[in-house]
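Q: I have a sequence and a model open side by side. Could you walk me through how to read them together?

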Amino acid sequence: MDEWQKQANVNLLLLLLALFCHTLPMMFRYTGESSGVTAEATLQLSRVNSIIMLIAYFAYLIFQLWTHKQFFQAQKEDDDDDLVSEESAVIGFWSGLVWLAGMTALTALLSEYLVGTIEDASESWGLSVSFISIILLPFVGNAAEHAGAIVFAFKNKLDICLGVAVGSATQISMFVVPLSIILAWIMGIKMDLDLHLLGTVCFALSIFVTAFTLQDGSSHYMKGLVLVLCYVVIGAFFFVSRSADVQGAVNLDIRSSTAEIFRL
């Protein structure tokens, strides 16, 4: 089994865990006797699941950076003529850390402004909030990342492509979403993992299609075409779905996890 396939299997396993943690609160709410009782229980279950997801993500970091880092190392060329010397770092560690902190603060500020204008943009453009959040924002906001994945795909660097696509989905599903739940808990905001039926089904089908695509360890244009067409189908679904139930079913942070999977 190639190293990139082992890397993909680990990420898909974590995505299945995320799906498991999202599905149980939804099932609990639908099978409960009283909406008031199940809402509180769903909230508590979501918080517990979020803690479990964060534990799994930090275990994944140890797995990736320490115990099994060979799974995530860049592929080496067999031909000695293709080997190139390592480039020296442009900036140092502390300079990079300062730039990272500054860009993170700027991104958080712009994201806050962007989220506050989504509903107004939905009304002025005639598009649903769900379509803007799950299709337009991830597509435009990650354009540079998409372009990088395409370039590495042309260079047959599948390990890097998977890091961009499935790895980003894992980071959002297993870290960003549960961390948002925990922070909302600290701030006294009632936020749970229930994506409702439509969001959960889209999330599940996204994972299953991606897992089936990668299961034989090969890649060709037909697989890429099928994944792109699946993305179009989901986009068409959210484009025609304008009801309040669909628009309020998935919050902005959780919506991104479904879109990230299909960037492969």
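**Reading the model**

A: Happily, let's begin with the surface: the protein exposes about 15600 Å², and carbon and sulfur atoms supply 68% of that area. Please keep in mind that this is a predicted model.

Q: How many helices and strands does the protein have?
A: Twelve helices and zero strands. Along the sequence the pattern therefore reads α-α-α-α-α-α-α-α-α-α-α-α.

Q: What does UniProt mark along the chain?
A: The unreviewed UniProt entry gives "transmembrane region" at residues 12-28, 48-67, 88-110, 130-154, 161-189, 195-214 and 221-240. You can set such spans against the model. Residues 221-240 are 100% helix and 0% strand, with end C-alpha atoms 29 Å apart. Residues 161-189 are 86% helix and 0% strand, and their end C-alpha atoms lie 36 Å apart.

Q: How much of the protein counts as buried?
A: Of its 264 residues, 39% count as buried. A general idea to carry along is that in soluble globular proteins, nonpolar side chains tend to be buried together. In this model, the largest nonpolar core has 28 residues, and those with the most contacts inside it are L15, M53, V166, M174, L193, F203 and L214. The elements giving two or more residues to this core are α1 (3-31), α2 (35-67), α8 (166-186) and α9 (196-214). The largest share, eight residues, comes from α1. There is also a second, separate core of ten residues, which includes A121, I135, Y231 and I234.

Q: Which residues does M53 touch?
A: Not counting residues up to four places away in sequence, M53 touches A18, C21, H22, S173, M174, P178 and L193. For the protein as a whole, among contacts between residues at least 6 apart in sequence, 78% join residues at least 24 apart.

Q: Is T200 buried or exposed?
A: T200, in helix α9, is buried because its relative accessible area is 5%, and the cut-off for buried is under 20%. Leaving aside neighbours within four places in sequence, T200 is in contact with L19, T23, M26 and L195.

Q: Where should I look for nonpolar side chains on the surface?
A: Try the patch of about 780 Å² made by V90, I91, W99, M103, L106, L109 and L110. One of these residues, L106, lies in helix α3 (residues 93-116). L106 counts as partly exposed because its relative accessibility is 41%, between the 20% and 50% cut-offs.

Notes
Residues are numbered from 1 along each chain as its sequence is written. This is a predicted model: local features need pLDDT of at least 70, side-chain atom pairs count only at pLDDT 80 or more; totals for chains, interfaces and linings use all residues. Side-chain values use heavy atoms; hydrogens and water are left out. Patches are made of residues with over 30% relative accessible area and no salt bridge: like charges are joined within 9 Å, nonpolar side chains (Val, Leu, Ile, Met, Phe, Trp, Tyr) within 5 Å. Accessible areas come from the Shrake-Rupley method with a 1.4 Å probe; for residues, only the protein chains shown count as cover. A salt bridge is a side-chain nitrogen of Lys or Arg within 4 Å of a carboxyl oxygen of Asp or Glu. Helices (H or I, at least four residues) and strands (E, at least two) are DSSP runs, numbered from the N terminus. Buried means under 20% relative accessible area, exposed over 50%, partly exposed in between (1.4 Å probe, protein chains only). A nonpolar core is a set of buried Ala, Val, Leu, Ile, Met, Phe, Trp, Tyr and Cys residues joined through side-chain atoms within 4.5 Å. Contact means heavy atoms within 4.5 Å. UniProt positions are given in the numbering used here, feature names are shortened, and annotations may be inferred rather than shown by experiment.
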